[in-house]
Amino acid sequence: MSKRETLLEIKHLQKNYDDLQVLKDISLDVHKGEVVVIIGPSGCGKSTLLRCINGLEKIQGGEIILNGETISNRTKDMHLVRQKIGMVFQSYDLFPHMTILNNILLGPMKSQRRDRSEVTKEAEELLKRVGLLDKRDAYPRQLSGGQKQRVAIVRALCMHPEIMLFDEVTAALDPEMVREVLDVMLELAKEGSTMVIVTHEMSFARAVADRIIFMDKGEIVEESDPETFFTNPKTDRAKKFLNIFAFDTIKGV
Amino acid sequence: MQDLGISVLFQGKNFIRLLEGLWITVRISLISVAISILLGIILGMIMTSKNPIIKAITKAYLEFVRIMPQLVLLFLVYFGVTKAFGIHLSGELSAIIVFSVWGTAEMGDLVRGALESIPKHQYESGKAIGLTKLQIFGYIIIPQTVRRLVPLAINLVTRMIKTTSLIALIGVVEVVKVGQQIIEASRLSVPSAALWIYGVIFFLYFIVCYPISLLAAKLEKAWKD
């Protein structure tokens, strides 16, 4: 992999909830156009890490730098920073009182003050790409989980973020809807979007990632390319974790 | 010839007097409702505070006002304050105070409930698309809160209007009291007046409250989500 410009730098990040240390000394660089997938057992701090990047959580130590600018623990203008970071949550939180189109338009129009007709055009193109153009005037309650999640991705994309964060976006979906959401993400990866993805879908992680970060108990345990990680993990903790997803044949062959 | 009771209504200025009584009812209700909504929204926002002292005080206020029958509150303010502090409050003013105190407590609790029912993720999604705190409230939280609040608030308003009938007991001559006076005055000439007059009063309350109920139903249907 060629050396690329560093977009996001995390330096010695520490995060505590009262006395509980959830992130201990995390350091991580994300390069422009790179897809980093974070995996690990539940409670390992991977979602918290994403929330820290987007400033939804205060951090107790270290630094987060986006494009050379320190963004951690800012009290002023955090909303301007968040315009550059797109985030999609597990629970696809569309705004229930607005149509799909208005859900997408709200951010670009109100926080970026862009022109309605210009954003509408872009939103419609994006909706078309995820196969939901016919839903533009529907309300979120009329959509399935997978459809809502695709709209949530479009809503984040329409802000033209420099980096996209995905926090277990398929974890709350029925199995048959997972695929349609993951396909959208694969498409984005192909186009060269910078993404940090937290997921439990191992085969998806392997397909989409440039780099796998394996976290456990609040620290980065292993970091390698997907091929190496899934076929030949270096640490015991990673081996143990990957074994959870494998089943031995019980009846013999 | 047996006189029809309804004729009482058209003797002298009886019907006009009833309408004047109704106006007093409506006026006291409207003023109290306006004060309650305004203060209730502020109280509701205060009640979502996590400060334990603020929580305890607002809770005590709410419980006190809820547990006390409105009639006792009316007597307390109208007679109690006069005796204790030597301040003379008119019946109408006492009524407005009591209904505002009660309405504010109830409204505050409704606002608190509506605000707390908005999931935390709605705030976070707003943040994630770069909105400021003010924008999140203006575009996301308040519109959803209002949708949940309106049907409940309207229910409260009609309850307040109906409960103003109690103020006859502190000497305010509102619609029910006027009705009683008319019935008393014609007790001998028209023995069936009570049925007719109270029947008319029933319709007067209905005419005031029904449009409000209709509005609630309409809004609820329009905002169903």
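1. A nonpolar surface patch of about 550 Å² is formed by B:Ile31, B:Ile35, B:Leu38, B:Leu39, B:Ile42, B:Ile46 and B:Ile54, in what should be read throughout as a predicted model. Helix 1 of chain B supplies the largest share of this patch, namely six residues.

2. Within that patch, B:Leu39 lies in helix 1 of chain B. Is B:Leu39 buried or partly exposed? Its relative accessible area is 41%, and because buried means under 20% and exposed over 50%, B:Leu39 counts as partly exposed.

3. Turning to the interior, the largest nonpolar core comprises 60 residues, and those with the most contacts inside it are B:Leu18, B:Ile167 and B:Val175. The elements of chain B that give two or more residues to this core are helix 1 (14-47), helix 2 (52-67), helix 3 (70-85), helix 4 (91-116), helix 6 (133-163), helix 7 (175-185) and helix 8 (193-222). Helix 4 of chain B gives the most, with ten residues.

4. For B:Ile167, once neighbours within four places in sequence are left aside, the residues in contact are B:Ile28, B:Leu74, B:Ala95, B:Phe99, B:Val172 and B:Glu174.

5. A second core, separate from the one above, has 51 residues, including A:Leu94, A:Leu127, A:Val181 and A:Phe241.

6. As to confidence, chain A has an average pLDDT of 90, with 98% of the residues scoring at least 70. Within chain A, the mean is lowest, at 86, in strand 5 (residues 69-70), whereas strand 8 (residues 195-198) has the highest, at 95.

Terms used. Residues numbered from 1 in each chain as written. Chains lettered and ligands numbered in written order. Predicted model: local features only at pLDDT ≥ 70, side-chain atom pairs only at ≥ 80, totals over all residues. Heavy atoms only, no water. pLDDT = per-residue confidence, 0-100. Helix = DSSP H or I, 4+ residues; strand = E, 2+ residues; numbered from the N terminus. Core = buried A, V, L, I, M, F, W, Y, C linked by side-chain atoms within 4.5 Å. Buried < 20%, exposed > 50% of the residue type's maximum accessible area, 1.4 Å probe, protein only. Contact = heavy atoms within 4.5 Å. Patch = residues over 30% accessible without salt bridge, like charges linked within 9 Å, V, L, I, M, F, W, Y side chains within 5 Å. Areas by Shrake-Rupley, 256 points an atom, 1.4 Å probe, with all protein chains shown as cover. Salt bridge = Lys/Arg side-chain N within 4 Å of Asp/Glu carboxyl O.
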